[in-house]
Amino acid sequence: METKFFLPSSFTSRPATLADAEAVANLLNLCFVEWTGSPETSTQDLHSFWTNPMMNLERDTLLILDTHQQVVAYGEMYDAPPHVRLYLYGRVHPQSRGKGLGTALVQWGLVRASLSVEKAPADARVVLHQFLPAQAVEGARLLESLGFRHIRNSYQMRIDLSTPPQAASFPANIQVRTVHLENELEALVRTHRQAFHDHWGYVETPMEEALKDWRHWVETDPHCDPTLWFLAMDGDEIAGYCLCSPGTEEDPQLGWVNLLGVRREWRKQGLGLALLLYGFNALYQRGFCRIGLGVDASSLTGATRLYQRAGMHVHREYHLFEYEVRPGKDYLTQSLEDHEREKDTAE
């Protein structure tokens, strides 16, 4: 990869440190309020993300500073094994746009991606993905001018509750309870991996790294509350799960469904809808009259239609942009048949 990182004159750059969390959070929220009217993150959120075992601040972040040493742009790369799907995130202060800083962030991201190519399987296609709110029109134009393609959309969906949600109705063989983290975290992670094999773009991280990531989430995320993590049990088997959070930085009165999944063997029985409604009721009982979640707009398992049946509506749209860092075999799930082909090959 021949891309180089060029910083416009009068600006300097360096990696972020934990001491920069407040300045970076202020920058991110300034941009997000401009686009959506709401903040995006907090210093606690950044501390949690920056101390994730997958992150290395020296390697994976970039601050751009003006002559007053104020943070005017920020970039980060999230890169987990097997290093085939990389996530680039960048923001530029509204008053510093039009000076080449966005281009510099993307160039830095491409240089950083070259480190991941060296770690990826030799035959693998490596892609760089970036999400932008639909309102970030200038950012979208910049990405497309630098070789990114708009390939997919995702939604933030919400439901507003003035009365208690519909009661959940589970199949007769299913019992619902909260997770026992002390001895069930690994089983939950394995269930999540099985359910998300059918999620577009899914690529499996080695189990050891995945468990470290989940433990870090539980220990550091300010919105994590495992008393709102529900398992649908069929005997001793986890058939599905609904993991909720009380509040978000964007809206402390907005309950959130972080993850919802049903294993293949238990689908088409109404279990996904039942788990969702169970989560709605649990959050409503905690005082949350607004509930949200994120979903792939073209979900391979029809999740968007399920959420609409539950009464949710699209609140916000995000666009996913892709840059092919290296061509090769695609390790990402592209269709429901991908997982079955992988199983057949393994057998």
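Threonine 248, in this predicted model, is in contact with His223, Leu254 and Trp256, leaving aside its neighbours within four places in sequence. The residue belongs to the loop that links strand S9 (237-245) and strand S10 (254-262). Both of these strands take part in an open sheet of 12 strands, and the points below proceed from this loop to the sheet, its strands and the nonpolar cores.

**The loop around threonine 248**
- Threonine 248 has a relative accessible area of 16% and is therefore buried, since the cut-off for that class is under 20%.
- A polar atom of the threonine 248 side chain lies 3.0 Å from the backbone nitrogen of aspartate 251.

**The sheet as a whole**
- The order of the 12 strands in the open sheet is S1-S2-S3-S4-S5-S12-S6-S11-S10-S9-S8-S7, and their pairing is mixed.
- The edges are held by strand S1 (12-14) and strand S7 (175-178); each has a single partner strand, so one side of each is left without a neighbour in the sheet.
- On average, neighbouring strands of this sheet are turned by 25° against each other, with direction ignored.

**Strands S1 and S2**
- Three bridges connect S1 with strand S2 (residues 61-65), and the two strands are antiparallel.
- Within this pairing, arginine 14 has leucine 63 in S2 as its bridge partner.
- Serine 10 is located in the segment before S1 and has a positive phi of about 80°, although it is not a glycine.
- The relative accessibility of serine 10 is 49%, so this residue counts as partly exposed.
- Glutamine 69, in the loop between S2 and S3, has a positive phi of about 65° although it is not a glycine.
- Glutamine 69 is likewise partly exposed, with a relative accessible area of 49%.

**Strand S4 and its two partners**
- Strand S4 (residues 85-92) is largely enclosed by the rest of the structure, because seven of its eight residues are buried.
- On one pairing, strand S3 (residues 71-79) runs antiparallel to S4 and is joined to it by seven bridges; here glutamate 76 stands opposite tyrosine 89.
- S3 and S4 make up a hairpin with five residues between them, and histidine 83 in the turn has a positive phi of about 65°.
- The loop between S3 and S4 also holds proline 82; the peptide bond leading to this residue from proline 81 is cis, with omega near 10°.
- In another pairing, S4 and strand S5 (residues 126-133) run parallel and share three bridges, with arginine 85 partnered by valine 127 in S5.

**Helices H4 and H5**
- Together with S4 and S5, helix H4 (residues 101-117) forms a right-handed β-α-β unit.
- H4 lies across S2, S3, S4, S5 and strand S12 (313-326), and runs at about 25° to S3.
- Glycine 139 is part of helix H5 (residues 137-145); at 26% relative accessibility, this glycine counts as partly exposed.
- Although 48 residues separate glycine 139 from arginine 91 in sequence, their C-alpha atoms are 8.9 Å apart in space.

**Nonpolar cores**
- The largest nonpolar core comprises 53 residues, and those with the most contacts inside it are Trp50, Ile64, Tyr74 and Leu128.
- Not counting residues up to four places away in sequence, leucine 128 touches a set of residues including Met77, Leu86, Leu88, Leu110, Phe148, Phe321 and Val325.
- Apart from the largest core lies another, of 30 residues, among them Trp266, Leu283, Leu306 and Tyr307.

Definitions and conventions:
Residues are numbered from 1 along each chain as its sequence is written. This is a predicted model: local features need pLDDT of at least 70, side-chain atom pairs count only at pLDDT 80 or more; totals for chains, interfaces and linings use all residues. Side-chain values use heavy atoms; hydrogens and water are left out. A nonpolar core is a set of buried Ala, Val, Leu, Ile, Met, Phe, Trp, Tyr and Cys residues joined through side-chain atoms within 4.5 Å. Buried means under 20% relative accessible area, exposed over 50%, partly exposed in between (1.4 Å probe, protein chains only). Contact means heavy atoms within 4.5 Å. Helices (H or I, at least four residues) and strands (E, at least two) are DSSP runs, numbered from the N terminus. Two strands pair if DSSP finds at least two bridges between them. A crossover is right-handed if, with the strands pointing away from the viewer, the path from the first strand over the helix to the second runs clockwise. A polar contact is a pair of N or O atoms within 3.5 Å; within protein, one must be able to donate a hydrogen and the other to accept it, and residues adjacent in sequence count only if both atoms are side-chain atoms. Axes are lines fitted to C-alpha atoms, for helices over the stretch in contact, and angles run from 0 to 180 degrees between N-to-C directions.
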